[in-house]
Amino acid sequence: MHRITLIAGDGIGPEVTSAARDIVLAAGAPVAFEEVAAGQRAERECGTPLPAAVFDSIARTKVALKGPTQTPFSGDYRVHVERRDVEGRTGMRSHPSVTVALRKELGLFVNVRPIKNYPSVASRYDDVDLVIFRENSEDLYSGIERMIDEGTAEAIKIISYRASERVARFALEYLRKLGRKKVTIVHKANVMRLTDGLFLKTAQETARHYPDIEVDQRVVDALCMELVMKPEQFGGLLLPNLYGDIVSDLAAGLVGGLGLAPGANFGPDCAMFEAVHGTAPDIAGQDLANPMATILSAVMMLRYLDEPAAADRVEGALVAVLQEKRQVTRDLGGNAGTRAMTSAIVGKLNGS
Ligand code: NAD
């Protein structure tokens with residue numbers, strides 16, 4: 001029995017995580033969920049958006065399925081954490097959001113985001129099949145930002161050899177296991193010669209150890225244009241943190257929207273699975289959210305737990321519901337709610 005930390009999160013988070021939980025259980029996967037609160041609910045109940053109970057649970061389970069958490073749009077919002085982190089550092093640290101805090105404190109150094117077309121989901125393309133590898137620990141997300149004076153702010157972009165090599169090696173190993181043959185390193189080294197230059201050079205050097213994988217590179221702005229023009233030419237994309245964040249949303253748009261884009265964060269000791277999308281406050285609590293991205297994140301989780309049969313059952317039931325097109329959410333061209341789509345998938349798993 002695998003124990004899994006379940007973080008419902010904010011906005012549509014509780015709706016999409018309960019859908020994924022019910023479907024994983026209906027697939028007969030040998031898992032038990034341990035629910036803990038993070039985000040705005042935890043802030044209200046415990047006075048902090050990231051209580052120690054979250055870290056205690058993940059320390060036990062080593063695996064988390066997370067819904068999105070809201071980041072209040074206020075200049076001085078920080079998430080404070082006091083614990084021994086994965087690198088052995090103690091003392092109070094502060095992070096720009098709950099998600100960034102979890103990724104950094106748990107050493108989740110890479111975010112893997114597969115983006116592909118699904119049957120019967122209308123989109124402008126029909127042959128997109130990308131795996132995005134986003135460096136998760138540094139770049140402009142290091143959280144080193146300050147006002148220099150009343151009219152000027154600065155943020156510091158950190159790129160290290162260590163983090164660049166680690167994410168490149170992970171991406172190349174992952175692609176090799178998938179039998180993929182191509183990776184594109186994405187950067188802006190023509191302008192940020194030292195930081196992005198280091199990322200590019202390190203990734204290229206690491207790739208020399210993987211002669212079976214073809215390596216090319218693109219400047220991030222040109223990549224965005226080419227992704228929109230001809231997405232099928234790309235297989236794996238390896239990006240620093242900020243470009244990875246932005247390009248993931250663009251790529252989700254190629255296949256039908258944010259409701260379809262799953263994700264997984266990996267570190268040396270644990271993994272956290274979460275959709276690319278946020279809390280979608282415009283549709284939260286209305287039974288309108290597409291649960292697919294979180295269900296597919298749970299499929300990635302089942303594969304990571306070495307439960308491929310359960311993963312295949314969940315994906316198969318989801319695809320069957322997509323193909324029938326009757327019980328799918330509004331963004332997928334239907335008019336079913338989150339709950340009805342979930343029940344339809346559970347029904348397929350129960351053989352009805
Ligand atoms: P968002 O992803 O929440 O929403 C963007 C648009 O996509 C909205 O129109 C929304 O309705 C739609 N959408 C998103 N997910 C959907 C789904 N499953 N089904 C149907 N439609 C969906 O992005 P945002 O509005 O920029 O961010 C809202 C909040 O979420 C912010 O507080 C942000 O910080 C947070 N956020 C959290 C995470 C995370 O926790 N991993 C990630 C991104 C954003």
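1. How much space lies in the largest pocket? About 990 Å³. This is a predicted model, in which local features need pLDDT of at least 70, side-chain atom pairs count only at pLDDT 80 or more, and totals for chains, interfaces and linings use all residues. Residues are numbered from 1 along each chain as its sequence is written, and side-chain values use heavy atoms, with hydrogens and water left out.

2. Terms for the spaces come next. The search uses a 1 Å grid over the protein atoms alone. A pocket is an open set of points with protein on both sides within 12 Å along at least five of seven lines. A cavity is a set of points where a 1.4 Å probe fits but cannot get out. Lining residues have an atom within 4 Å of a point. Grid points are joined across faces, edges and corners, and a volume is the space filled by probe spheres set on the points.

3. The pocket lining. The largest pocket has 33 lining residues. Thr 71, Pro 96, Ser 97, Val 100 and Tyr 141 lie nearest its centre. By class, 13 of the lining residues are nonpolar, 11 polar and nine charged. Here Ala, Val, Leu, Ile, Met, Phe, Trp, Tyr, Cys and Pro count as nonpolar, Asp, Glu, Lys and Arg as charged, and the others, Gly among them, as polar.

4. Helices at the pocket. Helix 4 (98-105) and helix 8 (241-255) each supply at least two residues of the lining. The largest share, three residues, comes from helix 4. Helices (H or I, at least four residues) and strands (E, at least two) are DSSP runs, numbered from the N terminus.

5. The cavity. The whole structure holds one cavity of 30 Å³ or more. About 40 Å³ of space lies in the largest cavity. Its lining consists of Val 100, Arg 103, Lys 104, Arg 134, Asn 136, Ser 137, Tyr 141 and Asn 241. Two of these residues are nonpolar, three polar and three charged. Helix 4 gives the largest share of this lining, three residues. Val 100 and Tyr 141 appear in the linings of both the largest pocket and the largest cavity.

6. The ligand. There are 20 residues around the ligand, each with a heavy atom within 4 Å of it. Thr 69, Gly 278, Ala 280, Asp 282 and Asn 290 come nearest. Which part of Asp 282 approaches a ligand oxygen atom? An N or O atom in its side chain, at 2.8 Å. At Ala 280, a polar backbone atom is 2.7 Å from an oxygen atom of the ligand. Thr 71 also uses its backbone: one of its N or O atoms there lies 3.0 Å from a ligand oxygen atom.

7. Strand 3 and its neighbours. Strand 3 covers residues 63-66. Val 63 and Leu 65 point one way, Ala 64 and Lys 66 the other, and all are buried (under 20% relative accessible area, 1.4 Å probe, protein chains only). Two strands pair if DSSP finds at least two bridges between them. Strand 1 (residues 2-7) runs parallel to strand 3, with three bridges. Thr 5 stands opposite Ala 64. Strand 14 (residues 271-274) is also parallel to strand 3, over four bridges. There, Ala 271 is the bridge partner of Val 63.

8. Glu 274. This residue is in strand 14. Is Glu 274 buried or exposed? Buried, with a relative accessible area of 5%. Its side chain makes a polar contact of 2.7 Å with the side chain of Arg 103. Another, of 3.3 Å, joins the side chains of Glu 274 and Lys 66. A polar contact is a pair of N or O atoms within 3.5 Å; within protein, one must be able to donate a hydrogen and the other to accept it, and residues adjacent in sequence count only if both atoms are side-chain atoms. Arg 103 also lines the largest cavity.

9. A hairpin. Strand 8 (residues 145-149) and strand 9 (residues 152-155) pair in the antiparallel sense over four bridges. They form a hairpin with two residues between them. Arg 146 has Glu 154 as its bridge partner in strand 9.

10. Backbone points to check. Most residues other than glycine have a negative phi. Ser 120 has a positive phi of about 65 degrees. Ser 120 sits in the loop between strand 6 (110-116) and strand 7 (129-135). At 34% relative accessibility, Ser 120 counts as partly exposed (between 20% and 50%). Asp 306 has a positive phi of about 60 degrees. Asp 306 is in the loop between helix 9 (292-304) and helix 10 (308-324). With a relative accessible area of 61%, Asp 306 is exposed (over 50%).
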